[in-house]
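Trainee: I have a model open and would like to practise reading it with you. Shall we go through it step by step?

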Amino acid sequence: HFSTPGDMVSTLNDGTQVTYNNGDMAWLLDAQFEMIVPNKGFFYSGLMRRKNALNQIFLSMAVYAVVTFVWFFWGYSLAFSESAGKFIGDLKHFGLMNVLDQPSVASSRIPALLFCVFQLMFATITPVLALGATAERGRVFPALVFTAIWSTIVYSPIACWYWNPNGWVFKLGALDFAGGGPVHMTSGTAALAYSIYLGKRRGWGTDALRYRPNNVAHVVIGTVFLWFGWFGFNAGSALAADLRATQAAIVTNMAASVGALVWCTVDFIFERKFSVVGFCSGAIAGLIGITPAAGYVGTPAAVAIGVLVGIGCNFATKLKFIFKYDDTIDIFATHAVGGFIGALATGLFADSRVAGFDGTEIDGGFINKHYIQRPYQLAGASATIGYTFVVTMLILVIMDHIPGLSLRVSIYDESESYFRPARGVLC
């Protein structure tokens, strides 16, 4: 029932009454719908050759459906069960049992059901990011099977590490406001493993694959949707409509803007030109870098983070040529490297005053003379990248040896389009 126009009072099974602010709930509902657009599918499809663009949009939608199923039955419980261990949760909330109006594990200001559907958006976007690695050579059906397995044994445990109060990274004291580790480092590292295991596209390193993005307008549209949706990710992670959410929105916008400008500047210095795609890539890098720091840093720090990721991610796109792997859309270079830089920068710039905008108490980072924070950040980031790479590679090796789950398309389908209007997706 409602005690005042701005509050909802819920009586739990044990008779306890809890009060939720309707404004906070409305903000979180709005934030999650900002993230629901298949924005990354547009971004990826614009970067590919035309014959494979539609396939990538389809894959982003199909992954969303698969992870929704997994999250409902066991994913949420493995990540956010109140009785979770240090590394993974249990099946206490299998099928969302007892997930309704009790306070969420993350904040007593919102009910568990609302927190569950908000976190679903993070769980769905992460494998969508990673599966850009299948571009132009990966089969769709095995990618969806991979999604279900990977979400269960990689994403949910790492989300538990960082965001469940029982998780070991949380207890260690590492800070991650909105997913630098669980979303970006995991997706970028999984993309690297997938790219290495699939092998290079036919013609990689030759003039055959020296093509321009097929639809720069799709790249721009995808970037606009992502930029808009990132306000939902970062500001929404305050889990309330308050000053901390406002600050998170401000630094998100600042880091994206600076990242875009710095990326273009680096391109101009070394290539004497810059491009729309470069601007968009820099904006995405800035958004990634600020993600773990958004609720902990001031605006000047967001400028510094934008500069760091704009330079770092731009140079990281050259790693695939040095180490000879085919990361078609530079997912590792932007998401894993950007998330890693953002995590370390959080240890440097985290400010106890900013976290205190909603009453949260932290020791802060280097600027607060809490020098141990950077090693905490490094420990969490290193464990995330190492665990993700090893487990992802194991999943791929096992799947590829199961009849019907071979990961790569045939030579013929790779040469042609494997999304044909008359036949649909060649799974």
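Mentor: Gladly! One definition to begin with: helices (H or I, at least four residues) and strands (E, at least two) are DSSP runs, numbered from the N terminus. Please keep in mind that this is a predicted model.

Trainee: With that in hand, in which helix is the place of Thr-384?

Mentor: Look for the run that covers residues 373–400. Thr-384 has its place there, and the name of that helix is α15.

Trainee: Is Thr-384 buried or exposed, and what is its relative accessibility?

Mentor: Start with its surroundings: leaving aside residues up to four places away in sequence, Thr-384 touches Ile-158, Trp-161, Tyr-162, Gly-181, Met-185 and Thr-186. The cut-off for buried is under 20% relative accessible area. Thr-384 therefore counts as buried, with a relative accessibility of 0%.

Trainee: Let me step back to the whole protein. How many helices and strands does it have?

Mentor: Counting both kinds of element along the protein gives four strands and 16 helices.

Trainee: What radius of gyration does the protein have, and what would a compact globule have?

Mentor: The C-alpha atoms fill a box of roughly 65 × 50 × 40 Å along the principal axes. For 427 residues, a compact globule would come out near 22 Å. The protein agrees with that, as its radius of gyration is 21 Å.

Trainee: Among contacts between residues at least 6 apart in sequence, what share joins residues at least 24 apart?

Mentor: As background, 57% of the 427 residues count as buried, and the accessible surface is about 16800 Å², with 67% of it belonging to carbon and sulfur atoms. For the contacts you ask about, the share joining residues at least 24 apart is 73%.

Trainee: Now the strands. How do β1 and β2 run, and how many bridges join them?

Mentor: β1 covers residues 7–11 and β2 covers residues 17–21. The two form a hairpin with five residues between them, and Gly-15 in the turn has a positive phi of about 90°. Within the pairing, Ser-10 stands opposite Val-18 in β2. The strands run antiparallel, and the number of bridges is five.

Trainee: Which residues make up the covered face of β2?

Mentor: Set aside the uncovered face, which holds Gln-17, Thr-19 and Asn-21. The covered face of β2 then consists of Val-18 and Tyr-20.

Trainee: Leu-96 has a positive phi without being a glycine. Is Leu-96 buried or exposed?

Mentor: Its phi is near 60°, and Leu-96 is found in the loop between α3 (50–80) and α4 (112–130). Its relative accessible area is 18%, so Leu-96 is buried.

Trainee: And Arg-272, is that residue buried or exposed?

Mentor: Arg-272 is also not a glycine, and its phi is positive at about 60°. Its place is in the loop between α9 (243–271) and α10 (276–290). The cut-off for exposed is over 50%. With a relative accessible area of 57%, Arg-272 is exposed.

Trainee: How far apart are the end C-alpha atoms of α4?

Mentor: Take 1.5 Å a residue: the 19 residues of α4 should span 27 Å. This helix is largely enclosed by the rest of the structure, because 17 of its 19 residues are buried. The end-to-end value agrees with the expected span, at 28 Å.

Trainee: How many aromatic pairs does a search of the whole structure find?

Mentor: One group to look for is a cluster in which ring pairs link Phe-69, Phe-72, Phe-73, Trp-74 and Phe-94. Over the whole structure, the number of aromatic pairs found is 22.

Trainee: What is the geometry of the pair Phe-118 and Phe-122?

Mentor: The two residues are four apart in helix α4, so about one helical turn separates them. Their ring centres are 5.2 Å apart and their planes stand at 70°. Planes over 60 degrees apart define the class, so this pair is edge-to-face.

Trainee: Phe-122 also pairs with Phe-233. How many residues apart in sequence are the parts that this pair ties together?

Mentor: This pair is edge-to-face too, at 4.7 Å centre to centre and 85° between the planes. Phe-122 is buried at 0% relative accessible area, and Phe-233 counts as buried at 12%. Phe-122 lies in α4 and Phe-233 in helix α8 (residues 216–236), so the separation in sequence is 111 residues.

Conventions. Residues numbered from 1 in each chain as written. Predicted model: local features only at pLDDT ≥ 70, side-chain atom pairs only at ≥ 80, totals over all residues. Heavy atoms only, no water. Buried < 20%, exposed > 50% of the residue type's maximum accessible area, 1.4 Å probe, protein only. Pairing = 2+ DSSP bridges. Expected span 1.5 Å × (residues − 1). Rg over C-alpha atoms; globule rule 2.2 N^0.38 Å. Contact = heavy atoms within 4.5 Å. Areas by Shrake-Rupley, 256 points an atom, 1.4 Å probe, with all protein chains shown as cover. Phe/Tyr/Trp six-rings, centres within 6.5 Å; stacked < 30°, edge-to-face > 60°.
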